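Thanks for coming, everyone. I would like to walk you through one structure this morning, so please have the sequence and the viewer open while I talk.

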Amino acid sequence: MIIGTAGHIDHGKTTLVHALTGVDTDRLPEEKKRGISIELGYAYLDTPHGQRIGFIDVPGHERLVHTMVAGASVIDYALLLVAADDGPMPQTHEHLAVLSLLGIGRGAIVITKTDRATEGRAAEVEAEMVALVADTPLAGAPIVTVSAHTGEGIDRLRTLLFDAANAHDTSAAGRVEPQAFRLAIDRAFTLQGTGTVVTGTIHAGLVSVGDELALLPGASGQLLYARVRSLHAQNQAVTTAYAGQRCAVALVGLARDAITRGQWLAAPAAAVASDRIDLRLTLWPGEARALRSGAHVQAHIGAAHINATVALLDADLLPPGGTALAQLVLHAPVGAWHGERVLLRDAAASRTLAGGTVLDPYAPTRYRRTPQRLAELAALKQPSTTQRLAVLLTVAPHGVDLVRFAAAQGLPAVHEEILPIAVLRQADQALGATQTEAFQQAALQALHAFHERQPDELGPDSARLRRLTAPRLPLPLWQALLDQLASQGQVVLHGAVVHLPSHGAQLSVTETRIAQKVATALTAARFEGAWARDLARDAQEPEPLVRTTLARLARRGELHQVVKDLFYPPETMRKLAALARQVGRAHDDVVLAADFRDATHLGRKRAIQILEHFDRIGLTRRVGDTHKLRGDCTLFEGTIDC
């Protein structure tokens, strides 16, 4: 458990920590010279239950609130100090606001310097503090009066903290959801014989010696990686450290100059850095005015603080004490995950404004206030990862990227057991049952319309059908959707071509005989193709019957009808497609009719007819007077000897 101090300058925070632990947390010469805390200080205390409590001692000066927030953002239990001789002072109020907006509800109020107060003064201050915290998460917190000078109340406070640590560990044991490791860096230095060392509090997960970790945000947006050489947790050498512990990590592969306060060490699977964050935001009740969109603020996340702009999403104004959905547009990327606490101060860093909880670190730039986006954020407000994913799948129109979802949630991966049973899953993508049904019906309707428009074609290739039906659906989900339709017998997959079962009619005995008779002539025609009348003449069969047979073969995918009554066998068409790809790749995927004509040794008219056929079936698309290869088309793929 991590305990953090809070309170006005010179109200005895450092002295109290020394009385409890025997450690002087003022380590800098300037701190000792001036008698005030400037940086975060750390101390540890062993409990009778075998635990080790970590203390973070924060500065109380009004100009060092940003440093106080860096320490307060990771504490489990707060000690809000107020001197008996002074009573509540300005930083008492602001530190209370910080604790409240960070959602820290476990703690105690400590009235210090009772040896300096007049008789009855401690009782007056106690009454003031009860009133002050009445409408905050610390309402009802135990109140302890102490004097670090005489020792009064120190043993009682120490016992209170031991009990709180025991209760905290018992509560933590019930948290079964695995989280990926992440640590907010608040200090970095070089230790002779060890190398680069960073310290911070572990927000989630665990880390072991030998693990590879990512440093984020990295320079120029690039992640940096390092290996864990050794660990100290709660000031003891360990091989594994856990969430809620103060930790020093010795790293191999990172220079000290690459690290600054505010960065994170995280498991590579959950390395998320973002400059736009959607969150649920609450304005401090003590604010005099409502918060408007466009307000410039300083955002504190983990140990980082950075300038940002607020955009309200579901309200025009956020009144004091009110809560709304908002997006933070940050001036530089920061590490952020679902559930991470955020504190906002005004642009001049003179007062604390608001606090919030991250919902989505992958906040969109556009359409951030649409009903669709608000529905997604409502899903992300659910209390557990399983519930968030289940509801998100019901509202995500094109499914959920499970790798991206897991990283945003701070998870190492999405496990099968948290996926709803009815979901369509393929690779790292998932699609809700309602959306799956809608896309399947759309695909069937598009196939029916295609068959009506082009009855002589077997069907569109799967990429073309996707463009007609679900162009934004991820390709793995689209393929899974087609496979499901095929397994249900609703469509037939003929290589890359998709068609309805009723469209691939069987040949009669007569049609089979004619197909066998014309096969040789079709192949011999090569790139010129064969006309129905010529095939009928050579086969000495009735022309209408030959034409009907050829059309039936085209519908079965066994021939290609380039123009009316002009047919090509698949092998010849595959060679022509290979030449088209060869010509296109030599000219940035653009197939010029003249170049294709030269490659095939055909006349211009026939070359254009073939290219227009390729446009119709989806191998190319017409762009002005050119034909551009479609990168997603799988028709006629493979190496062909032309």
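**From one histidine to the sheets**

Let me begin with H613, which, leaving aside residues up to four places away in sequence, touches E457, H560, Q561, V562 and M573. Before going further I should say that this is a predicted model, and what follows should be heard with that in mind. H613 belongs to helix α18, which covers residues 604-617. Is H613 buried or exposed? Its relative accessible area is 0%, so H613 counts as buried.

Let me turn to the aromatic residues, where the structure holds three aromatic pairs. In one of these, the ring centres of W264 and W337 are 4.8 Å apart and the ring planes stand at 70°, and because an angle over 60 degrees counts as edge-to-face, that is how this pair is classed. The two tryptophans come from distant parts of the chain, 73 residues apart, with W264 in strand β15 (residues 264-266) and W337 in the loop between β21 (323-335) and β22 (341-346). W264 has a relative accessibility of 0% and therefore counts as buried, and W337, also at 0%, is buried as well. Elsewhere, ring pairs join F596, F614 and F636 into a cluster.

There are also charges placed over rings. R526 lies over the face of F527, at 5.1 Å from the ring centre, while the charged end of R533 sits over the ring of W531, 5.2 Å from the centre of that ring.

Next, a pair of helices. Helix α13 (residues 509-524) packs against helix α15 (residues 543-555) at an angle of about 85°, and their axes are 10 Å apart. That angle falls in the range from 65 to 115 degrees, which is why α13 is described as roughly perpendicular to α15. On the α13 side the contact is made by T510, E511, I514, A515, V518 and L522, which meet L545, V546, T548, T549, L550, R552 and L553 of α15.

Now to the sheets, starting with an open one of six strands, whose order is β2-β3-β1-β4-β5-β6 and whose pairing is mixed. Why is one side of β2 and of β6 left without a neighbour in the sheet? β2 (41-46) and β6 (143-145) stand at the edges and each has a single partner strand, so one side of each remains unpaired within the sheet. On average, and with direction ignored, neighbouring strands here are turned by 25° against each other. Strand β5 (residues 107-112) runs parallel to β6 and is joined to it by three bridges, with I111 having T145 of β6 as its bridge partner. Helix α1 (residues 13-21) packs on this sheet, touching β1 (2-7), β2, β3 (52-57), β4 (77-83) and β5, and its direction makes about 160° with that of β3. Helix α4 (residues 90-101) packs on the sheet too, in contact with β1 and β4, and its direction makes about 145° with that of β1.

Last comes a barrel, closed by six strands in the order β16-β21-β19-β18-β22-β23 with antiparallel pairing, where the twist from one strand to the next averages 40°. Within the barrel, strand β19 (residues 304-312) pairs with β21 in the antiparallel sense over five bridges, and L312 has A326 of β21 as its bridge partner. Helix α4 packs here as well, touching β16 (273-283), β22 and β23 (352-360), and its direction makes about 15° with that of β23.

Note on methods:
Residues numbered from 1 in each chain as written. Predicted model: local features only at pLDDT ≥ 70, side-chain atom pairs only at ≥ 80, totals over all residues. Heavy atoms only, no water. Pairing = 2+ DSSP bridges. Helix = DSSP H or I, 4+ residues; strand = E, 2+ residues; numbered from the N terminus. Axes fitted to C-alpha atoms, helices over the stretch in contact; angles between N-to-C directions. Contact = heavy atoms within 4.5 Å. Phe/Tyr/Trp six-rings, centres within 6.5 Å; stacked < 30°, edge-to-face > 60°. Buried < 20%, exposed > 50% of the residue type's maximum accessible area, 1.4 Å probe, protein only. Lys NZ or Arg CZ within 6 Å of the ring centre and 35° of its normal. Parallel < 35°, antiparallel > 145°, perpendicular 65-115°, else oblique.
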